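Open the model in your viewer and keep the sequence panel beside it. We will go stop by stop, selecting as we go.

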Amino acid sequence: METVKRISLIVLLIGLFCLGFWIGYSYCCLPEKSDGFSKAVHVSFDDVVWVLEDLKQNERRYDSAFDNEFLAELKHMHEDYGACFTLYVFEKADGFDIGDMPVKYRKELKENASWLKWGFHWISPDFDKNISLDDFKMSFFNVQNAISKFADSSSLSHVLRLHYFYGNDSIVSFLDSCNIKGLLCADDDRCSYDLTKQENEFMQKNFYVRRDVEYFKTNIRLENSLFLYYDLERLRNKDTLVIFTHEWAYDTRLHRFNYYKLCLNLEWLKKNGYKFTFLE
């Protein structure tokens, strides 16, 4: 038993040494910081539905939309860091329909549209890449109309991230005709939307424009970032950053750690001169 304990301790110490060496080496390889250029960042949440459900269910009890804990925390982050957020919503989920959202919070959400916007994500959490263009159009218009009703047209995001980064040529052409200015692409090297392999490779290093739509790479998925400062520091010379997480990952009752990661992220962005933007 003592031998097993010694071996386990030795393995642990070797593992810690290797981890420390890797972290030290990684930081030594970071690019030299460059200043003097304009830097912008887009921060968003995908799969948003719970906040809307809560606002609807508590319409009689809430005096303000920011009585909702999630929105209250975003508002505090805006006040503390100047952060802007985009929430990408489903039309329907778990028996909820965005068309049923009350108009009670409209004036307040309109007043906060300069830092809080809402955008179409997909019809529902169930993903179907064989969706017809007509069904996509109907859902898109339903969501756009609902947002304009419970918030305001000024609260509409003109840069979207679609569910699973999917959108064929017909869908993207339709979005272009609806004044959608940009699409947020995957945080890995998979091809997003209607980009070819070559176009995707170019976009990974810069950004890509087709028709009047700009394609931006998503740089960080917060819930997957184990070494957040390192992930940010290695990107510190990029003029445009796109960072996101999911509502389910952020939920303060289950994943409080992600709340603190987001705060650390916003603090770093502010300190390093990034302007919070909607990329529109």
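Is tyrosine 215 buried or exposed? Select tyrosine 215 and look: at 0% relative accessibility, it counts as buried. Keep in mind throughout that this is a predicted model.

**Stop 1: around tyrosine 215**

Tyrosine 215 sits in strand β9, residues 213-216. Now add cysteine 185 to the selection. The two residues are 30 apart along the chain, yet their C-alpha atoms are separated by 6.5 Å. Cysteine 185 is also one of the contacts of tyrosine 215, once neighbours within four places in sequence are left aside. Show the others: Val172, Leu183, Tyr193, Asp194, Leu195, Met203, Phe207, Tyr208 and Arg210.

**Stop 2: the nonpolar core**

Stay on tyrosine 215 for a moment. The largest nonpolar core has 82 residues, and Tyr215 is among those that touch the most other members. Select the rest of that group: Leu71, Leu74, Phe85, Trp118, Phe136 and Leu175.

Next, centre on phenylalanine 85. Which residues is phenylalanine 85 in contact with, leaving aside its neighbours within four places in sequence? They are Val43, Phe45, Leu74, Met77, His78, Trp115, Leu116, Lys117, Leu262, Leu266 and Phe278. Keep Met77, Leu262 and Leu266 of that list on screen. They return at the next stop.

**Stop 3: a helix pair**

Select helix α3 (residues 69-81) and helix α10 (residues 256-271). They pack at an angle of about 20°, with their axes 10 Å apart. That angle is under 35 degrees, so α3 is roughly parallel to α10. The crossing of α3 past α10 is right-handed.

Show side chains on both. From α3, the contact uses Glu69, Glu73, Met77, Asp80 and Tyr81. From α10, it uses Arg256, Tyr259, Leu262, Cys263, Leu266, Glu267 and Lys270. Colour these residues by type: 6 are nonpolar, 6 are charged and none is polar.

**Stop 4: serine 155 and lysine 110**

Move to serine 155, in the loop between α5 (133-150) and β6 (159-160). With a relative accessible area of 0%, serine 155 is buried. What does serine 155 touch, not counting residues up to four places away in sequence? Show Leu109, Lys110, Ala113, Leu116, Lys117, Trp118 and Ile147.

Pick lysine 110 from that set. Lysine 110 belongs to helix α4, residues 106-111. Serine 155 is buried, whereas lysine 110 is partly exposed at 46% relative accessibility. Leaving aside neighbours within four places in sequence, lysine 110 is in contact with Ala151, Asp152, Ser154 and Ser155. Draw a distance from lysine 110 to serine 148. C-alpha to C-alpha it is 9.3 Å, across 38 residues of sequence.

**Stop 5: two positive phi angles**

Finish with the backbone. Select aspartate 47, in strand β1 (residues 40-48). Aspartate 47 is not a glycine, but its phi is positive, about 60°. With a relative accessible area of 15%, aspartate 47 is buried.

Now select tyrosine 164, in the loop between β6 and α6 (169-177). Tyrosine 164 also has a positive phi, near 60°, in a residue other than glycine. Is tyrosine 164 buried or exposed? At 53% relative accessibility, tyrosine 164 counts as exposed. Put both residues on screen to end the tour: aspartate 47 is buried, and tyrosine 164 is exposed.

Definitions and conventions: Residues numbered from 1 in each chain as written. Predicted model: local features only at pLDDT ≥ 70, side-chain atom pairs only at ≥ 80, totals over all residues. Heavy atoms only, no water. Axes fitted to C-alpha atoms, helices over the stretch in contact; angles between N-to-C directions. Helix = DSSP H or I, 4+ residues; strand = E, 2+ residues; numbered from the N terminus. Parallel < 35°, antiparallel > 145°, perpendicular 65-115°, else oblique. Left-handed = near helix turned anticlockwise from the far one by under 90°. Contact = heavy atoms within 4.5 Å. Nonpolar A, V, L, I, M, F, W, Y, C, P; charged D, E, K, R; others polar. Buried < 20%, exposed > 50% of the residue type's maximum accessible area, 1.4 Å probe, protein only. Core = buried A, V, L, I, M, F, W, Y, C linked by side-chain atoms within 4.5 Å.
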